[in-house]
Amino acid sequence: MRLAELSERSGVPTATIKYYLRERLLPPGERITATQAEYGEEHLRRLRLVRSLIQVGRMPVATAREVLAASEDESLSQNARMGAAIWALPHGPEPDEDDPHAARARAQVDAVLRRMDWSHGQELGDTSPAYRMLVAAIASLDRLGYPHDTEHLLVHARLAGELAVADLDLVETYDTPPERVEAVVALTVLYEPVLLSLRRLAQTEESGRRFEK
């Protein structure tokens with residue numbers, strides 16, 4: 001297909017496709033004349049992944065290029081390819097290493113990971129953006145005096161574990177590593193507001209049962 005058809009089928013403006021080509025996010029098409037090239041289904045698939053990373057995941061172009069390289073690196077495991085994409089997503093605030101609340105929060109996170117037997121999380125520790133984000137969140141709870149003991153946090157961790165199984169079951173329905181990277185980015189970003197909304201609706205329902213008299 002020509003560039004115009006690629007644009008029409010993908011829903012990506014031609015100017016944006018040309019930008020992706022210049023930035024090496026999209027491989028060049030097959031040159032047919034000095035000024036024209038043809039593109040195939042692999043370009044459509046790559047465009048979906050690029051849009052997922054940049055428009056949905058809000059990654060900088062340079063970061064998206066690294067994730068794309070990882071998604072096609074056959075020396076990496078499927079877990080490593082998807083992990084590279086998830087780690088590149090925007091995360092919350094970093095913990096303040098000089099804050100004593102952060103030190104207590106880190107110990108609390110480690111305790112939860114041990115109780116859940118999440119060996120990957122224990123091994124990665126501070127190198128994981130999600131780990132650091134959790135430390136910062138629990139440090140805020142500690143600072144403000146709200147509950148954050150291990151038993152309380154385990155309730156949330158167990159629910160998160162169940163959600164992870166459902167998420168990865170869905171990701172496994174995609175056939176190729178690049179498709180799975182696209183899915184894990186899009187579903188992580190798009191389902192997080194779904195999760196937040198459902199939690200608030202559930203709280204509203206439970207509050208009505210308990211306190212509406």
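How many residues of domain 1 are in contact with how many residues of domain 2? I started my notes there, keeping in mind that this is a predicted model. I get 12 residues of domain 1 touching 12 residues of domain 2.

**Domains**

I looked up the bounds next: domain 1 covers 3–77 and domain 2 covers 87–211. Taken over C-alpha atoms, the centres of the two domains sit 31 Å apart.

**Cores**

Then I went for the nonpolar cores. The largest one has 28 residues. I noted the ones with the most contacts inside it: Leu-6, Ile-17, Tyr-20, Leu-25, Leu-47, Leu-53 and Ile-54. Which elements give two or more residues to this core? I wrote down H1 (3–10), H2 (14–22), H3 (41–56), H4 (61–71), H5 (78–88) and H10 (177–211). H3 gives the largest share, 6 residues. Domain 1 and domain 2 both give residues to this core, so I have it down as lying between them.

I picked Leu-53 for a contact check. Leaving out residues up to four places away in sequence, Leu-53 touches Arg-58, Met-59, Ala-64, Val-67, Leu-68 and Val-185. Apart from the largest core I found another one, of 12 residues, with Ala-105, Val-112, Ile-138 and Ala-139 among them.

**Val-135**

I found Val-135 in helix H8, which runs over residues 129–144. Is Val-135 buried or exposed? Its relative accessibility comes out at 0%, so I count Val-135 as buried, the cut-off being under 20%. Setting aside residues up to four places away in sequence, I list Pro-95, Ala-102, Ala-105, Arg-106 and Val-109 as touching Val-135. I also checked a long separation: Val-135 and Glu-72 are 63 residues apart along the chain, and 32 Å lies between their C-alpha atoms.

**Arg-46**

Back to helix H3, where I looked at Arg-46. I expected to have to think about a charged side chain here, so I checked the accessibility: at 13%, Arg-46 counts as buried. Which residues is Arg-46 in contact with, leaving aside its neighbours within four places in sequence? My list reads Leu-25, Leu-26, Pro-27, Leu-68 and Glu-72. Leu-25 also turned up among the residues with the most contacts inside the largest core, and Leu-68 is on the contact list of Leu-53 as well.

**Positive phi**

I searched for positive phi values outside glycine and noted two residues. Arg-24 has phi near 65 degrees. I place Arg-24 in the loop between H2 and strand S1 (30–31). With a relative accessibility of 61%, Arg-24 counts as exposed.

Asp-117 has phi near 55 degrees. Where is Asp-117 placed? I found Asp-117 in the loop between helix H6 (100–116) and helix H7 (119–124). Asp-117 is exposed too, at a relative accessible area of 60%.

**Second largest pocket**

Last, I opened the second largest pocket, which holds about 210 Å³ of space. Which residues line the second largest pocket? I have Arg-2, Leu-3, Lys-18, Leu-21, Pro-28, Gly-29, Arg-31, Thr-35, Gln-36, Ala-37 and Tyr-39. Sorted by class, I get 5 nonpolar, 3 polar and 3 charged residues in that lining.

Technical notes
Residues are numbered from 1 along each chain as its sequence is written. This is a predicted model: local features need pLDDT of at least 70, side-chain atom pairs count only at pLDDT 80 or more; totals for chains, interfaces and linings use all residues. Side-chain values use heavy atoms; hydrogens and water are left out. A nonpolar core is a set of buried Ala, Val, Leu, Ile, Met, Phe, Trp, Tyr and Cys residues joined through side-chain atoms within 4.5 Å. Buried means under 20% relative accessible area, exposed over 50%, partly exposed in between (1.4 Å probe, protein chains only). Helices (H or I, at least four residues) and strands (E, at least two) are DSSP runs, numbered from the N terminus. Domain bounds come from an automatic or database domain assignment. Contact means heavy atoms within 4.5 Å. On a 1 Å grid over the protein atoms alone, a cavity is a set of points where a 1.4 Å probe fits but cannot get out, and a pocket is an open set with protein on both sides within 12 Å along at least five of seven lines; lining residues have an atom within 4 Å of a point. Grid points are joined across faces, edges and corners, and a volume is the space filled by probe spheres set on the points. Ala, Val, Leu, Ile, Met, Phe, Trp, Tyr, Cys and Pro count as nonpolar, Asp, Glu, Lys and Arg as charged, and the others, Gly among them, as polar.
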